[in-house]
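Here are a few exercises to work through with the model open beside you. Try each task before reading its solution.

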Amino acid sequence: MAGAILQILVGGATLTVLLALLASAGAKYFARTLPYSAAFLISLAAFAAVTILYLLYFIVQSAAALPNSIDGLFGLVAVSIAGTIITKLARNHGVEKTGWLGVGAKSILVVIGLSWVLTLIVFLGMQLR
């Protein structure tokens with residue numbers, strides 16, 4: 001039991017840092033005045049909150065036997081929360097929202113695009129065997 005909990009915590013922390021690295025690259029690109037260290041810390045805070053929400057969701061899902069059909073909806077809500085957190089925290093660093101999408105939404109779109117590219121690379125790499 002302790003090993004499973006440790007595995008979940010280490011996996012969640014690793015996923016949080018990797019997603020924060022991708023999102024901070026997007027945040028730095030779209031908010032050039034924001035230092036990279038601040039962009040990384042903002043992204044790390046956003047994805048830490050989302051990772052905690054995911055852990056709570058899966059605990060509730062297993063305890064209450066929620067249908068699997070709401071997983072996609074929860075994923076959409078989770079990335080929306082991450083984008084909102086990034087935009088709000090970037091505003092505290094002087095980055096104003098320009099246009100329809102804020103820096104958080106743009107960063108989340110970068111994360112989604114890069115994750116698709118990485119998934120495609122892994123998939124194609126597995127096909128070459």
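The exercises below go from the overall fold to single residues, a pocket and a surface patch.

This is a predicted model, in which local features need pLDDT of at least 70 and side-chain atom pairs count only at pLDDT 80 or more, while totals for chains, interfaces and linings use all residues. Residues are numbered from 1 along each chain as its sequence is written, and side-chain values use heavy atoms, with hydrogens and water left out.

**Exercise 1. Describe the fold of the chain.**

Begin with the secondary structure: the chain has four helices and zero strands. Helices (H or I, at least four residues) and strands (E, at least two) are DSSP runs, numbered from the N terminus. Next, follow the sequence, and the pattern reads α-α-α-α. Then look at the extent: the C-alpha trace spans about 45 × 40 × 30 Å along its principal axes.

**Exercise 2. Classify V103, L55 and V77 as buried, partly exposed or exposed.**

Start from the cut-offs: buried means under 20% relative accessible area, exposed over 50%, and partly exposed in between (1.4 Å probe, protein chains only). V103, in helix α4, is buried because its relative accessible area is 9%. L55 sits in helix α2 and has 32%, so L55 is partly exposed. V77 belongs to helix α3, and its 38% makes V77 partly exposed too. For the chain of 129 residues, buried ones make up 27%.

Now add the spatial partners. The C-alpha atoms of V103 and G83 are 7.7 Å apart, with their positions 20 residues apart in sequence. For L55 and I8, 47 residues apart along the chain, the C-alpha separation is 8.7 Å.

**Exercise 3. Characterise the largest pocket.**

A pocket is an open set of points on a 1 Å grid over the protein atoms alone, where a 1.4 Å probe fits and protein lies on both sides within 12 Å along at least five of seven lines; lining residues have an atom within 4 Å of a point. First, the volume: about 520 Å³. Second, the lining: of its 22 residues, L15, L19, F47, Y54 and V79 are closest to the centre. Third, the sources: α1 (2-30), α2, α3 and α4 (103-127) each supply at least two lining residues.

**Exercise 4. Find the residues of the nonpolar surface patch.**

Patch residues have over 30% relative accessible area and no salt bridge, and nonpolar side chains (Val, Leu, Ile, Met, Phe, Trp, Tyr) are joined within 5 Å. A salt bridge is a side-chain nitrogen of Lys or Arg within 4 Å of a carboxyl oxygen of Asp or Glu. The patch covers about 710 Å² and consists of I52, L53, L56, I59, L73, L76, V77 and I81. Helices α2 (36-64) and α3 (71-92) each give two or more of these residues.

Terms used. Patches are made of residues with over 30% relative accessible area and no salt bridge: like charges are joined within 9 Å, nonpolar side chains (Val, Leu, Ile, Met, Phe, Trp, Tyr) within 5 Å. Accessible areas come from the Shrake-Rupley method with a 1.4 Å probe; for residues, only the protein chains shown count as cover. Grid points are joined across faces, edges and corners, and a volume is the space filled by probe spheres set on the points.
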